[in-house]
Amino acid sequence: MRKLISVCVLTLCLFLTGCSEKVPDETTITVNKKGEITYTVVEDFQKDFYDLEGLQKDIEDEIATYNQKFGSDPLALKLLEEQKGTVVMQLTFTEARFFEDYYYNTSSTGATLFVGTLEEAREAEYDLEGEFLGADGSLTDIGSLSKPESLKVLITGEVLKVQVPGEIQCVSPSGSVQIVGKKEAAISEEAGQACIIYK
């Protein structure tokens, strides 16, 4: 019996360890397989101007006001903490469209974020023609990719890191978008339409 309990505890520990997610150390948009968005913001935290508890209350109030427009809660605060002079905040959105809607209503500049299939992107009038930079560094186009009908695309204009649930096939050819891992890309400067295509 004692041995069985020990095995169960060990299994639970391994399960919890496997499920724990590493928090990015820079501003990042992460997409999971369901299309849910985690937006991690990492900024300097100046205690002279901010109080963490007060900041959390303001954010939670703003989220509650935003969610009142919907029958469900498309936006939630996942994490807010101070780490060595920086504040780390994670917001979760059930879909990319809520990220775009939220920042359109709360920011003077708004924000672009689309996540979907290539067909859905074209239906939304995003331009996916022309050359892309493949994962191997060579120029390619969507028609040359394997099974393009099954591929997904993330489109944004923000300066941040992007993490997607599948392997990146190609990105916009401008130097502002770089593939930094099989499932990660970095956007180094604002672009009207930075595309990351993945399977």
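Where is D25 found? I looked this up first in the predicted model: D25 is in the loop between α1 and β1. I then checked its accessibility and recorded a relative accessible area of 64%, so D25 is exposed. I also took a C-alpha separation for D25 and V41, which are 16 residues apart along the chain, and obtained 8.8 Å.

**Entry: confidence**

I read the confidence values before going further. The chain has an average pLDDT of 86, and 85% of the residues score at least 70. By element, I found the highest mean pLDDT in β1, at 98, and the lowest in α1, at 35. Over residues 1–19 pLDDT stays under 50, and for this stretch I found 0 contacts beyond four places in sequence. Where pLDDT is low, predicted coordinates should not be read in detail. I therefore leave the coordinates of such regions without detailed interpretation.

**Entry: nonpolar cores**

Which residues touch the most other members of the largest nonpolar core? I noted I29, L91, F93, L154 and I196, in a core of 34 residues. Helix α3, residues 96–106, gives the most to this core, namely 5 residues. I also recorded a second, separate core of 14 residues, with L118, Y126, L145 and V153 among them.

I next listed the contacts of L91, leaving out residues up to four places away in sequence. L91 touches I37, T38, Y39, I59, I63, L75, A76, L77, Y102 and Y103. Two residues on that list, Y102 and Y103, are also among the buried residues of α3.

**Entry: helix α3**

Which residues of α3 are buried? I found A96, F98, F99, Y102 and Y103. Viewed down the axis of α3, these buried residues fall within an arc of 160 degrees, so they line one face of the helix. On the other side of α3 I found R97 and Y104 exposed. I then asked what covers the buried residues of α3, and the answer includes the strands β1 (28–31), β2 (37–44), β3 (75–83), β4 (86–93) and β5 (113–117), together with helix α2 (52–67).

**Entry: aromatic pairs**

I counted 10 aromatic pairs. For Y102 and Y103, the ring centres are 5.0 Å apart and the planes stand at 85 degrees, so I entered the pair as edge-to-face. Are Y102 and Y103 buried or exposed? Both Y102 and Y103 are buried. I also looked at F114 and Y126, whose pair is tilted, with 5.3 Å centre to centre and 50 degrees between the planes. F114 belongs to strand β5 and Y126 to the loop between α4 (118–123) and β6 (132–134), so this pair ties together parts that are 12 residues apart in sequence. F114 has 14% relative accessibility and counts as buried. I further recorded one aromatic cluster formed by Y39, Y66, F70, F93, F98, F99, Y102 and Y103.

**Entry: salt bridges**

How many salt bridges does a search of the whole structure find? The search returned 4.

- I found K161 and E26 in a salt bridge, with their closest N and O atoms 3.3 Å apart. This pair links distant parts of the chain, 135 residues apart: K161 is in strand β9 (residues 161–163), and E26 is in the loop between α1 (2–19) and β1. The limit for a buried residue is under 20% relative accessible area, so K161, at 17%, counts as buried. E26 has a relative accessible area of 35% and is partly exposed.
- I found the side chains of D61 and K57 joined by a salt bridge of 2.8 Å, N to O. D61 and K57 both lie in helix α2, 4 residues apart, or about one turn of the helix. An α-helix has 3.6 residues a turn, so residues three or four places apart point the same way. D61 is partly exposed, at a relative accessible area of 38%.
- I found R97 and E95 in a salt bridge as well, at 2.8 Å from N to O. R97 is exposed, with 51% relative accessibility, whereas E95 is partly exposed, with a relative accessible area of 35%.

Conventions. Residues numbered from 1 in each chain as written. Predicted model: local features only at pLDDT ≥ 70, side-chain atom pairs only at ≥ 80, totals over all residues. Heavy atoms only, no water. Core = buried A, V, L, I, M, F, W, Y, C linked by side-chain atoms within 4.5 Å. Buried < 20%, exposed > 50% of the residue type's maximum accessible area, 1.4 Å probe, protein only. Helix = DSSP H or I, 4+ residues; strand = E, 2+ residues; numbered from the N terminus. Contact = heavy atoms within 4.5 Å. Arc of directions from axis to C-beta. Phe/Tyr/Trp six-rings, centres within 6.5 Å; stacked < 30°, edge-to-face > 60°. pLDDT = per-residue confidence, 0-100.
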